[in-house]
Amino acid sequence: MSVLAHHTTVPVLSASEAVAVATEIAAELAATSSERDRDRLLPGRELERLSASGLLAVTVPKEDGGAELSVKALVEVFRILATGDPSVAQVPHSHFVYVNAMRHQGTLEQQRYFFGEVLAGKRFGNAQSEVGTRHVRDIRTALTPVGHGRWLLNGTKGYSTGALFADWIPVLAHLDTLAAPGTGPLHVAWVERNAPGVTVTDDWAGMGQRTTASGTVDLVDVEVDDARITPYHLTFEGPQTYGAFAQVLHAALDVGIARAALRDAADFVRTSSRPYPDAGVDRAADDPLVVQALGRMEVDVRASEALLREAGRAVDAANAHLTADSAADASLAVAAVRAHSAQVAVDVASRLFEVCGTRSALDRLNLNRHWRNARTHTLHDPAAWKVQHLGRHVVDGTPPPNHGQL
């Protein structure tokens with residue numbers, strides 16, 4: 001059965017409206033997140049709710065009928081949604097990344113068409129990474145010419161978060177010539193989810209982020225027209241915030257996981273934990289060691305939230321006045337929050353059990369989903385490399401690499 005539904009024009013939301021809508025949806029998600037994770041119930045209905053709410057259209061430019069919200073505002077929306085269910089929040093990550101890609105590299109005609117699709121509630125997926133290659137940035141998928149502005153797209157993609165739920169799947173591929181296959185510059189082919197030759201398989205079986213459906217996309221002789229191809233390689237020929245934008249949204253997911261884990265830990269301590277006899281108190285919530293531990297966790301989560309806001313502002317500042325220096329500042333700010341939030345999300349989700357006690361480890365409570373989600377999502381990029389780039393900049397002013405991963 002298709003996970004797609006009929007879409008209609010969605011509301012245009014201001015920043016304050018977007019935050020209010022995200023808060024409402026996050027509360028709905030939180031009420032059912034444990035069940036979805038436990039039974040691996042794919043969030044088709046929840047994503048339709050997101051589409052209908054207008055949240056997925058908030059970055060469409062004003063001249064194309066959208067609200068063009070700031071990165072800072074979008075980051076807060078993502079953080080809030082992740083406190084409700086980080087798997088649901090991760091699904092539209094690539095949607096926003098490719099709306100951003102279309103803003104930067106699409107022709108006016110392409111922008112008019114695809115932004116219209118977004119304003120109609122359509123969703124973009126992701127077919128970027130590949131499995132079994134020499135390193136994580138190797139791409140073998142290719143577009144080969146068949147004449148008259150037509151191309152055939154062939155390849156296999158993994159970790160394709162959002163593709164199963166998408167209307168359009170942006171596919172990263174080499175734009176080849178017949179004489180030099182596999183060597184052409186990278187482009188994005190925009191293919192319809194149900195186009196002939198496109199197969200999306202729900203074979204994601206991770207221990208965490210279980211309902212993102214980050215599975216496999218197989219592409220066999222998929223016909224693509226020139227009008228559905230945009231350059232990717234040009235993004236990195238000068239200063240850019242494309243990478244920082246994608247990375248700061250990932251950071252927002254980690255920060256949201258940390259906040260949700262702390263929220264549930266405090267709730268469990270208030271309502272279910274029994275105090276240790278040595279504390280000499282009647283409530284676990286009055287145990288000074290438990291209160292101290294929760295306080296330290298709060299400090300760590302607040303620090304990540306502050307770094308997240310700073311990173312969002314830095315990306316906005318770079319977008320307003322894009323130079324090599326401002327782009328580097330944005331990347332470094334995002335690297336800082338990604339390094340910090342990756343550690344905090346895992347630590348807080350683990351310390352949850354320390355403050356809550358033995359009963360919190362019961363499978364039926366499913367509190368371990370916070371740790372599984374944090375541990376899985378923080379593997380997306382090595383945090384140690386974020387720290388390396390920050391350290392090199394501190395030592396001798398070396399700018400971060402301009403490859404889109406920072």
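**Stop 1: helix α10**

Select Arg369, His370, Arg372, Asn373, Ala374, Thr376 and His377, the buried residues of α10 in this predicted model. The helix spans residues 368–377, and seven of its ten residues are buried, so α10 is largely enclosed by the rest of the structure. What encloses it? Add α1 (15–39), α4 (86–90), α7 (242–271) and α9 to the selection: the buried residues of α10 pack against these helices.

**Stop 2: α1 against α10**

Keep α10 and show α1 beside it. How are two packed helices described? By the angle between their axes and the distance between the axes. Here the angle is about 70°, and the axes of α1 and α10 are 11 Å apart. The cut-off for roughly perpendicular runs from 65 to 115 degrees, so α1 and α10 count as roughly perpendicular to each other. Now display the side chains at the contact. From α1, pick Ser33, Ser34 and Asp37. From α10, pick Arg369, Arg372 and Asn373. Colour this contact by class: no nonpolar residues appear, with three polar and three charged. Arg369, Arg372 and Asn373 are also on the list of buried residues of α10.

**Stop 3: Asn366**

Step back along the chain to Asn366, in the loop between α9 and α10. Check its backbone: phi is positive, about 60°, although Asn366 is not a glycine. Buried or exposed? Asn366 has a relative accessible area of 6%, so it is buried.

**Stop 4: α9 against α11**

Next, select helix α9, residues 324–356, and helix α11, residues 383–396. The two pack at an angle of about 135°, with their axes 9 Å apart. That angle makes α9 oblique to α11. The crossing is left-handed. On the α9 side, show Leu332, Ala335, Ala336, Arg338, Ala339 and Ala342. On the α11 side, show Ala383, Lys386, Val387, His389, Leu390 and His393. Colour by class again: the contact of α9 with α11 holds eight nonpolar, two polar and two charged residues.

**Stop 5: Glu130**

Move to the loop between α6 (108–119) and β1 (142–147), where Glu130 sits. This residue is buried, with a relative accessible area of 9%. Which side chains make polar contacts with the side chain of Glu130? One is Thr141, at 2.7 Å from side chain to side chain. Another is Lys157, whose side chain makes its polar contact with that of Glu130 at 2.9 Å. Widen the selection to everything in contact with Glu130, leaving aside its neighbours within four places in sequence. You should pick up Asp138, Ile139, Arg140, Thr141, Thr156, Lys157 and Gly158.

**Stop 6: His148**

Go on to His148, in the loop between β1 and β2 (150–157). Its phi is positive too, about 60°, and it is not a glycine. Buried or exposed? His148 has 84% relative accessibility, so it counts as exposed. Set this beside Asn366, which is buried at 6%.

**Stop 7: Ala279 and Ile25**

Finish with a distance. Select Ala279, in the loop between α7 and α8 (288–320). Ala279 is partly exposed, with a relative accessible area of 22%. The cut-off for buried is under 20%. Now add Ile25 and draw a line between the two C-alpha atoms. How far apart are the C-alpha atoms of Ala279 and Ile25? They are separated by 39 Å, and the two residues are 254 residues apart along the chain.

Notes. Residues numbered from 1 in each chain as written. Predicted model: local features only at pLDDT ≥ 70, side-chain atom pairs only at ≥ 80, totals over all residues. Heavy atoms only, no water. Axes fitted to C-alpha atoms, helices over the stretch in contact; angles between N-to-C directions. Helix = DSSP H or I, 4+ residues; strand = E, 2+ residues; numbered from the N terminus. Parallel < 35°, antiparallel > 145°, perpendicular 65-115°, else oblique. Left-handed = near helix turned anticlockwise from the far one by under 90°. Contact = heavy atoms within 4.5 Å. Nonpolar A, V, L, I, M, F, W, Y, C, P; charged D, E, K, R; others polar. Buried < 20%, exposed > 50% of the residue type's maximum accessible area, 1.4 Å probe, protein only. Polar contact = N/O pair within 3.5 Å; in protein donor to acceptor, adjacent residues only side chain to side chain.
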